[in-house]
Each structure stands twice: as C-alpha cells, then as structure tokens.
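Here are a few exercises for getting your bearings, each with a solution worked step by step. Have a look at the model first, then try each task before you read on.

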Amino acid sequence: MKQTWVKPFLTAHRMGGMNKFGAVRAQNHQSDIDGVEIAPLLEKYGSPLFIVSEKTLRDNVRRLRRAFATRWPKVRHGWSYKTNYLAAICNVLHQEGSWAEVVSEFEYRKARANGVPGSRIIFNGPWKPNDILELAAQEGATIHLDHLDELYALEQVACKLGKQVPVGIRLNFDTGYTDSWSRFGFNLESGAAKDAVQRIAASPWLKLTGLHSHIGTFVLDVRAYSAQIRIMTDFMEQVERDTGCVIEYLDIGGGFASRNALQGMYLPPDQIVPSFEQYAEAICGTLMEATKGRAAAGKPLPTLILETGRAVVDDAEILVTTVVGGKRLPDGRRAAILDAGINLLFTAFWYNHEVKPLRPLNGIAEETVLYGPLCMNIDVVRASIMLPPLNVGESLVIRPVGAYNNTQWMQFIQRRPAVVMVTQNGEVSVIRASEQLEDVSGLEQVPLALQQPFPQGIPA
Amino acid sequence: MNGQAVEFPKQALLTRLALSDSGFVFDPVTGNSFTVNTSGLSILRLLQKTEDWTDIIATLQAEFEVSYSVAERDVLEFATALRSAFK
Amino acid sequence: MSRVITVAITGMNALPESPGPGLAVARCLREQYGDRVRIIGLGYDALDPGLYLSEFCDASHLIAYPLHGSEVLLERLSLIHQADPIDVLIPCLDAELPLMVLLAPRLSAIGIRTFLPTAEQLTRRAKDQLPELCELAEVHCPELRALTHPNFFHTCHNEGWHYPMVVKGVFYDAKVVYNAEEATTAFYKVAAEWGLPVLAQRFVAGEEYNLTAVGDGAGKLLGEVMMKKRALTSKGKAWAGISTLDENLSAAAGRLVAALNWRGPLEVEVMRDAQGEYHLIEINPRFPAWIYLSQGVGRNLPALLLELALGHPVHEFPTSVAGTFFVRYALETIVPLSTFEHLMMAGTLDFNK
C-alpha cells in the first residue's frame, strides 16, 4: 500500500516558534453551508463563488431586534445599504421589518427600486443632490442633515414643496472611547450643533424631530455607547428646552463589531467582540436612566434607531476560492495563489479572515502567504496563516465576508463572480450572476477610427 | 529533466545530517535542527545515497501515490528549501 | 489529600529576564505535597524552560496559543486530559486569562476544575476601569484619561495635567513621558500595538510594592503576602526582593477584593507616596512570578488555591513575616537531544515513563 503524497517540506526550529501544536487543527474544515454541500456549487457556478446563508442573515437580525426590543419599547433597525446592497439581501432584511438606511442618490434609488417606500428610508450621508433631496422630502424619508449647506438646500426644497419638512441632524462628539469622526455632521463641543438647531428652529420650513450620530466602526467597548447615549440625551433635553421642539427619535448609527479578526487586534474575536445583548444592555440601560423624567414631563420616549450593518451580515456570507498555483518564497515561507484576491475581498486590507479548507487536508501546517490572482503586489488575502500544504485545485472557504465586500469589490483585472444564496428551504438561488465581458465593456464606445481592423493596417 | 540540472546541497553535507523517524533533523556542524514531513524525510534519505534524479523520482513513485509530474514539481521546490537550509 | 491530584499549570516560560509564574507555582505545590501531586507543565514553546524540569513537572505538553481562539485550545486541552486526566488547571499568564475564563464552564464539564474570576470581575479590574473600582473600594488611584487622539498632550496643562505622566496600553505597556513630544511618540507606539484608546495616567512619585493573595469569591482576601523589589532585571522584574508587612496595604487590597468579589489568585501593584499613601497601579489576575516567596513566609498560596479549587475547607495561615529575602538566579539544565526532539515533534514529555 503506497503512502499518500504530501508536498515535502522542511522547517527550521527558531526561537519563539517551536510549537506545531499551537495553531491548527487539520480536521478544521467546512464542506457545507446550512447543510448544502459547497463542492457541487463550485462546479455549477464556478470558482470563486460568494455564498449567502439566508438563515444566518435572518437569525442575526432577529437576535439584534430581540436584544433591543426586550430592553426598550420603541426600536427601529435601518439596514445599512452600503454594507451590502445586493437586492436579495436587502429584501430579506426588509421582510424582517428593517428600514433602508442609505447614504447617496444611488442607494436611495436602489432602495426605492427594491420596493421600499420613501417613508421607510433613512437618508444619511454628506452628499444628497437637490433632485433626490426633493424626492426624499416629498416621499417622507427620514433626512439627516450633515452640514449647513445641506440645511439651506433642504429649506429651499421645503419652501418649493410648500410644506414643513421634519428633519434630523447628525452630531459628532468625543465619547472618550473612539476617535471622533468630526468630518460628518455638526460638532457638539464647538457649539456648531447648537447653532444648527437654532437655525432650524428659526425656519418655518424645517422641524427638528431627531438626532443622529455614529461613533465609529468595530467598536468593542460597550461603554462607548453608554457615553454616546448620555451625550445625545443631554443634548436632546437641551435643544427641547431651548427651542421647544420634541425629539421623537435618537439614531445611534452602527459600529457593532462582527466576529472577524481585525489586523493588529490583540485578542481573537470570540474573546472580545460583545454580543448584541451586551451592546443592548449598555445602550438601553443608559437610555432608561437618562430618560426616566420624560414621562412626568409629558414628553415621549424617543424611538431608538440602529443602523447595524456589519454585525448583521458579515458572518452570513462566505467566499469560496480555489488554489491555482503555489510556490516557495526565497525566505522559506510557502505561498499559494488563489483565484480570489482583494478585487473581491476589500476587507482583506483590515481583517485577518478565517480560512478553512473545503475538506480535511493532510500534512503539517506551516506558515503560508495567500495571494490573490491580480498582477499587483498589494494583492494579499492573508499575509501569514498556518495551513497544511495546498495543492492546485484545493478549495478554501474565506469567512466572514458579508460586510462591505459585495459593495466595495472592484472590476479590476478580473470579472466579478456569482453570488448565490442558500435559502431557508435549502434551495440555491443566484442573487447576482457572474459578470461577462459584455457587462464590463458594454458601456464603452470606440470611435470609428479606432476600431479594428484599422483601415491603414498595423505598422510592422 | 535530468539530474544534472537540479542542484541539491552537496552529498557530504546531507550525509552528516541525523535523520529521525519522527521527522526531527539535526545538523551536527551548524547545531541547527529542523522538522521535516514524511515525503521530505524520504527525499533526504534518498539524497544521502544518490543524486540520480531518475532514481529519486522513481523511488518516490514506488513509495507514494504520486504522478511523475507532481513528484518532479514538488522535489524541484524542495531543492530550494534544502539549498537554503544546509550550507 | 488522600489520592494523587493532577494539576496542570501554564506559564512555564521561566526566562531569566521576565519569567512566567508557572514554574514557581509548580515548585510551591511540589514542596507542599511531594508525590501526592502530579504536575503537568503546559507551555507555548518547546523552549519554555520549565517544561524540562522533571523535579517540578511529571509531564509537559505544548498547547495552542491564546490568539488561535478558545476552540483550538479546548480541543488541545481535552486531548491532553483524555490521556492524562487533569483535576485542576491553574493558568498563570495574563494573555490567556480571558480565554480560560470563557472556557471554565466547558472545562468543568469534562472534569477539569479551575478557581478563576468571572468575566465581569476580570473586566472590572482592567486598567481603564480602575478609577471606578477604586472609588468603590476607597483606594487611591492615579487619575486616568482614555485618549483617542494625542492632542491632549499639548493642551493637558489647561486641565491641570503635568509632566511626567504615564502613557499606557489597555492591555500592556507603560511608559513614563516627560513632554508632549515623547508622549505623542508613545501614544502612536502603544496605539499601533494595543489599539485605542490609549491611557494617560498621572505619575505618582514613590516606591513600588506588590501584594499577592487569593480571593475566595465571596469577598474575602486570603493569605496576603507583600513584597518590595530590591533589584530589577532589565525588564523591570524582581531579581531580588523582600517580604514586607503593612496593614494599610493589606486593608486596601482587602477592600479591592471585596468590591470585586474576586475569585482566584491576584497580584496588586501599588505605589507608596511620600505620605505613606498607597496608589493602585494595576491588578493582575494571576499569581506573580515571585510567588515562591509565599512559601518562604509560610503562606503557600498555590497550595491554598488548589484546596479551594478542590472544594476543601481552608485553614488560617500563620501571620506573614516581614524580612524574608529572596534572590532569583539562572542556571542551566542538561537536556538530551531526544527529549527536545520528543517535545518538539510529539508536543509531549512524560518523565515517569
């Protein structure tokens, strides 16, 4: 009986790295998603392939809703379109009751095309062109002002429509826990936010009904949200006192972390990423405390709006990729070339994604670099990962990839592959077909004189 | 492909290595130690006896379930690792 | 103890400049129980020296790095446990504590006992949460500011902050800085390694003291031992030290343990100012590397921890003694190459076979 061939390898014993039991379980593989075998899907739809789990997506948003709804009476979830705006994904979430949270004219129209009425759209972002601002005001979207010029633009729109438009403003401030994103919205500490509130109060066309802020991304310390709530509720009380307006909702943005490993993060995600319940406890606990006088004062409890994107969709999608080549780098590390790179996996710039083979692999794990297929030096999927030897044709599951990749992916050097969804019933639906050459070049036009064959021929 | 085209470390250099069944390799001259896997160990043992390329590949094919081209490709790559490890 | 108890201990990296506490914990248990305890050394590198010392370890194993997550570690520990059943596990390194706390219920389900704090207790003694804890425990604590931007270092005098001050990472690293430029450099270095926020802490002039003890999980501090470092390694660790005795320090530590309901071993690091007041610098959720001094003063704390983990009644310790001096030394042990090979290749050593 002949032995199984595993690529030969030799590794030097160096200080600090002498523990082959430190890293990997050879049997740690993923061959299915929700019980559907992945290998046949690759044969049918090609590699690379994005696969979405409808079940995980629904479970996630339900857990989010439950965590907050059991702790606060009025909760609304706005699905952050920029995180993943594939229509099938958006509509799963809309079916679960989520509104659309959009940040551009394109996203606004995309939400409308998905069938979302304007009255269930939250419109954020630093650039809302006039025509779409007018449409949004007409359709009753929840509009959040980002800067003074937009305030004046919306006032003009309201005047033109001849109706008073309810409006929210985006705030930025220092919570003491995260880097303050002062480029968006009106700053609290400098008084700019207060000025904007006064200006809205003075306008017959605008009515302040909500406050919005977003304290950052991948926020791991739930106390940051407690601080955010305290600052926002203080400001709410202040503007209501100063201008007589009634704040109907507080939109606290997104920023909940997903179970992904940020590069440079010290501890693995299962040890530091808070659960929805932990976020909810910090947020709703502080909100309860900060608003306990409102009922007595005859004021409504504000609706809590969440714009959670990453933590809802990230682990609901995987990317399956296949090894197309391998080499030994001069410094001794093993390298594998994959058919998917940063063109599809923009988040590889900041995450160390989990990578699992499709089937158990033989051989001892060793340090491996995973390169994408682009002829670009920056195309690195994992700079260092412990993996057994990889043969050409071996497929790998990269996860979680649901957040930001299907929106930030690039048509660069390669076409973009298909995205399929494993539905709740275990069926497989294509939710975005793989791109063909015509999809990419169809919009191009070549002047007659530049079309081949050239009338004058080709110089020798 | 013939054997002359592939440069392995000098045979004297490889015969001095202490090879253990566990895959533990010790070089008494440099004091360095290494881990090698099963196929790598077979190749090192072969190289202690012969430098004949055809022999090496044929023996590996007799020992392992592997095609000629895969064995050739992987041994070529392994030669690079050996050249940098044993000088 | 009537039967032989098997105790697994991590932190066998007894490196001269900055030793892990595991070997000292093993030594305390060996001196207390002799052959009635079977000690399994757990290490993260085949060069962790403690793994080779058969006078303290009966067996040694390599385990998975904490950064690979709880599942990988649990799988490895289960595998070791199947071959060599573990009664009690004593983790000794800061970096593995969050993971071990997370795993404690699942370890207990397969029969491995621990005596550890809860995740909440662990969080409440994190560096950036100390002011809240200290207020509750009525212990002085240098004022702390969580920073997301180094601007603070240029404007801090407006808020009554003066140099020198200490720039710290949330997990590790602390640097005393003397001006805004140094502070800014330290900020970026710490932020790059440990992330935001970066902590600025007021500098307390004085002398450092350390206290180790065990919290019983019901608010009581047991067996406190105090120590003053008398000589340092280049990494700032004790090279020589002496036991001290101050009721004020033990009372302060008692209030901290009560406020936390701390369960498990701990090390309290304080500065004593010119007025004799103690200021809390940090609380480490494990025994210190100098824990052998506890045996030296007649309060074998690792033995106490083992009894607690086994659910045995604990007895009162004799009064601690001031003036017990220790000097730490480095020495070599001869290791057959085959032993190194075995640990390297199989991840396991058994000295009784």
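Let's settle one term before we start: a residue is buried under 20% relative accessible area, exposed over 50%, and partly exposed in between (1.4 Å probe, protein chains only). This is a predicted model, where local features need pLDDT of at least 70 and side-chain atom pairs count only at pLDDT 80 or more, while totals for chains, interfaces and linings use all residues. Residues are numbered from 1 along each chain as its sequence is written, chains are lettered from A and ligands numbered from 1 in the order in which they are written, and side-chain values use heavy atoms, leaving out hydrogens and water.

**Exercise 1. Backbone oddities**

Find Tyr404(A) and Asn261(C), and work out where each sits and whether it is buried or partly exposed.

Solution. Step one is the background: most residues other than glycine have a negative phi, and most peptide bonds are trans. Step two: Tyr404(A) has a positive phi, near 75°, though it isn't a glycine. You'll find Tyr404(A) in the loop between strand 20 (395–399) and helix 12 (405–408) of chain A; helices (H or I, at least four residues) and strands (E, at least two) are DSSP runs, numbered from the N terminus. Tyr404(A) counts as buried because its relative accessibility is 16%.

Step three: Asn261(C) also has a positive phi, near 55°. Asn261(C) is in the loop between helix 8 (247–260) and strand 12 (263–272) of chain C. With a relative accessible area of 35%, Asn261(C) is partly exposed.

Step four: look for cis peptide bonds. One runs from Gln452(A) to Pro453(A), with omega near -5°, and Pro453(A) lies in the segment after helix 13 (437–441) of chain A. Another joins Tyr163(C) and Pro164(C), where omega is about 0°. Pro164(C) belongs to the loop between helix 6 (152–155) and strand 6 (165–168) of chain C.

**Exercise 2. Domains and core**

Work out how chain A is divided, and where the largest nonpolar core lies.

Solution. Start with the division: chain A has domain 1 (32–52 + 315–436) and domain 2 (54–314), with bounds from an automatic or database domain assignment. Their C-alpha centres lie 33 Å apart. Next, count contacts (heavy atoms within 4.5 Å): 26 residues of domain 1 of chain A touch 26 residues of domain 2 of chain A.

Now for the core, meaning a set of buried Ala, Val, Leu, Ile, Met, Phe, Trp, Tyr and Cys residues joined through side-chain atoms within 4.5 Å. The largest one has 108 residues, and Phe68(A) and Leu154(A) are among those with the most contacts inside it. Helix 8 (residues 223–243) of chain A gives the largest share of this core, eight residues. Both domains of chain A contribute residues, so the core lies between them.

Finally, zoom in on Phe68(A): leaving out residues up to four places away in sequence, its contacts include Val75(A), Phe256(A) and Leu306(A). Apart from this core lies another, of 50 residues, Ala24(C) and Met227(C) among them.

**Exercise 3. Salt bridges**

Which parts of chain C does the Arg3(C) and Asp87(C) pair tie together? Then try the same for Arg30(C) and Asp58(C).

Solution. The rule first: a salt bridge is a side-chain nitrogen of Lys or Arg within 4 Å of a carboxyl oxygen of Asp or Glu. Over all chains, the count comes to 50.

Arg3(C) and Asp87(C) meet at 3.1 Å, N to O, in a salt bridge. Arg3(C) is in the segment before strand 1 (5–9) and Asp87(C) in the loop between helix 2 (70–83) and strand 4 (88–90) of chain C, so the pair ties together parts 84 residues apart in sequence. Arg3(C) is partly exposed at 48%, whereas Asp87(C) is buried at 15%.

For the next pair, the Arg30(C) and Asp58(C) salt bridge spans 2.9 Å, N to O. Arg30(C) lies in helix 1 (residues 22–33) and Asp58(C) in the loop between strand 2 (37–43) and strand 3 (59–62) of chain C, so parts 28 residues apart in sequence are tied together. Arg30(C) is buried at 14%, and Asp58(C) is buried at 12%.
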